[in-house]
Amino acid sequence: MGHVRPTDEQFFRTMIRLRHVEKALSDLSASGQLRGSLHLCEGQEACPAGACAALEKEDYLTATYRGHGYVLAKGTSLDKLIAEVLGRSTGLCKGKGGKMHLFDQEFGVLGTNGIVGAGVGTACGAALASKLDGTNRVAMTVFGDGANNQGHLMECWNMAVLYKLPVIFFCENNLYSEMTPLSRSHGNINLSERARGFGLHTESVNGNDPHAVFEVVSKTADRARQGQGPTFIEAMTYRTTGHYQADSGTAYRTKEEVEDWRSRSPILLLKQRIGAIAEEIEAEELAIVQASVTKALSEPTPNPNQAMTEVFA
Ligand SMILES: Cc1ncc(C[n+]2csc(CCOP(=O)(O)OP(=O)(O)O)c2C)c(N)n1
Ligand SMILES: [Mg+2]
């Protein structure tokens, strides 16, 4: 097993596409064409880019409301994702899921989810199925630092260790849950230490370095496929925007803190490293994303007569 590690340019392309997608969604939200909460992952792009490059197409994935990037990096069609977010019948779920419910069975995507921590149980179930069926598929579930206080995550960790499930618990530690810093919500802010208390193998990684994220997910996916069980990965990162579109992100964090992380954002670092080609890639990806948005906006919304089809089965 094991993938060839993507180059700097490939990682840059994945991350800049995600940034353009989220910028387009943010503009649509501001203009009222996209309703409801929108959670962006600006500053955290190296996590989806690095992690998904290390997974097989068949591997399972669950993620959060901030998980557009994981679904894209897993291989899902850009057009279908944009159409779904915009509620079009050409979308991944025929426009019935919307931006927080992105599913794509072809690429093992078992859902992004607006309920904090909900995808963790789904991934454990998928990992158990993989083990029972002998399919060798790994399940990766992405959640935030705040989700670590959800009770059912602890049940999942316990069962995953007990049954040696091929599951990767990928925790994006961006230091805040909504507007609350870790220190005000966690008795012990060392999340890896907490996970080790359940018997989990743990890894910590610089979540702003796609190469490092790729390496650690590759290693832990191999481990899972070899029957050595689950891993808890703590990826240290930071969202340089607000929690969602209505939050400026400045009331509970200092300007200096945000600027410090902004200066270490993965897109900026790679851009500096690859030089002039970055602008070419950026322009290419912008054109691709804009074309996709224009296409989706011209497509129909679901027919209300179809509201009850494909919902439960
Ligand atoms: C079960 C549940 N409780 C509360 C919320 C409200 N909520 C939405 S996002 C969020 C913060 C989660 O923080 P974290 O897990 O660190 O993820 P991040 O948003 O930082 O990516 C909360 C409390 C929710 N959506 N679901
Ligand atoms: Mg968080």
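Two residues are taken to be in contact when their C-beta atoms, placed from the backbone, lie within 7 Å. With that in hand, and bearing in mind that this is a predicted model, begin by selecting Met 140. Setting aside neighbours within four places in sequence, Met 140 is in contact with Ala 51, Leu 55, Asp 59, Leu 61, Ala 123, Ile 168 and Phe 170.

**The nonpolar core**

Keep Met 140 selected and add Val 167 and Ile 168, since these are the residues with the most contacts inside the largest nonpolar core, a set of 75 residues. Helix α1 supplies the largest share of this core, with eight residues.

Ala 51, one of the contacts of Met 140, leads to the next selection, helix α2, which spans residues 46-53. This helix is mostly covered, as eight of its eight residues are buried; they are Ala 46, Cys 47, Pro 48, Ala 49, Gly 50, Ala 51, Cys 52 and Ala 53.

**Helices α1 and α10**

Now select residues 8-30, helix α1, together with residues 266-274, helix α10; their axes come within 10 Å and cross at roughly 140°. That angle makes α1 oblique to α10, and the crossing of the two is left-handed. To display the contact itself, show the side chains of Asp 8, Glu 9, Phe 11, Phe 12, Met 15, Ile 16 and Arg 19 on α1, and on α10 those of Pro 266, Ile 267, Leu 270, Lys 271, Arg 273 and Ile 274. Coloured by class, the contact of α1 with α10 shows eight nonpolar and five charged residues, with no polar ones.

**Helices α5 and α6**

Move next to helix α5, residues 118-133, and to helix α6, residues 151-162. The axes of α5 and α6 come within 9 Å and cross at roughly 20°, which means that α5 is roughly parallel to α6. Their crossing is left-handed. Where they meet, Val 120, Gly 121 and Cys 124 belong to α5, while His 152, Leu 153, Cys 156, Met 159 and Ala 160 belong to α6. The residues of this contact divide into six nonpolar and two polar, and none of them is charged.

**The loop before α5**

Step back along the chain from α5 and select Val 116, which lies in the loop between β2, residues 109-113, and α5. Val 116 has 19 other C-beta atoms within 10 Å and is therefore partly exposed, a residue being counted as buried if 20 or more lie within that distance. Leaving aside neighbours within four places in sequence, Val 116 is in contact with Gly 146, Ala 147 and Gln 150. If you draw a distance from the C-alpha atom of Val 116 to that of Asn 149, the separation is 9.8 Å, although the two residues are 33 residues apart along the chain.

**Two loop residues with positive phi**

Finish with two residues, beginning with Asn 136, which is found in the loop between α5 and β3, residues 139-144. Its phi is near 65°, a positive value in a residue other than glycine, and with 16 other C-beta atoms within 10 Å Asn 136 is partly exposed.

The second is Lys 164, placed in the loop between α6 and β4, residues 167-173. Lys 164 is not a glycine either, yet its phi is positive, at about 50°. Having 14 C-beta neighbours inside 10 Å, Lys 164 likewise counts as partly exposed.

Notes. Residues are numbered from 1 along each chain as its sequence is written. Chains are lettered from A and ligands numbered from 1 in the order in which they are written. This is a predicted model: local features need pLDDT of at least 70, side-chain atom pairs count only at pLDDT 80 or more; totals for chains, interfaces and linings use all residues. Helices (H or I, at least four residues) and strands (E, at least two) are DSSP runs, numbered from the N terminus. A residue is buried if 20 or more other C-beta atoms lie within 10 Å of its own, exposed if 12 or fewer, and partly exposed in between; C-beta atoms are placed from the backbone. Axes are lines fitted to C-alpha atoms, for helices over the stretch in contact, and angles run from 0 to 180 degrees between N-to-C directions. Angles under 35 degrees count as roughly parallel, over 145 as roughly antiparallel, 65 to 115 as roughly perpendicular and the rest as oblique. A crossing is left-handed if the near helix is turned anticlockwise from the far one by less than a right angle, and right-handed if clockwise. Ala, Val, Leu, Ile, Met, Phe, Trp, Tyr, Cys and Pro count as nonpolar, Asp, Glu, Lys and Arg as charged, and the others, Gly among them, as polar. A nonpolar core is a set of buried Ala, Val, Leu, Ile, Met, Phe, Trp, Tyr and Cys residues joined through C-beta atoms within 7 Å.
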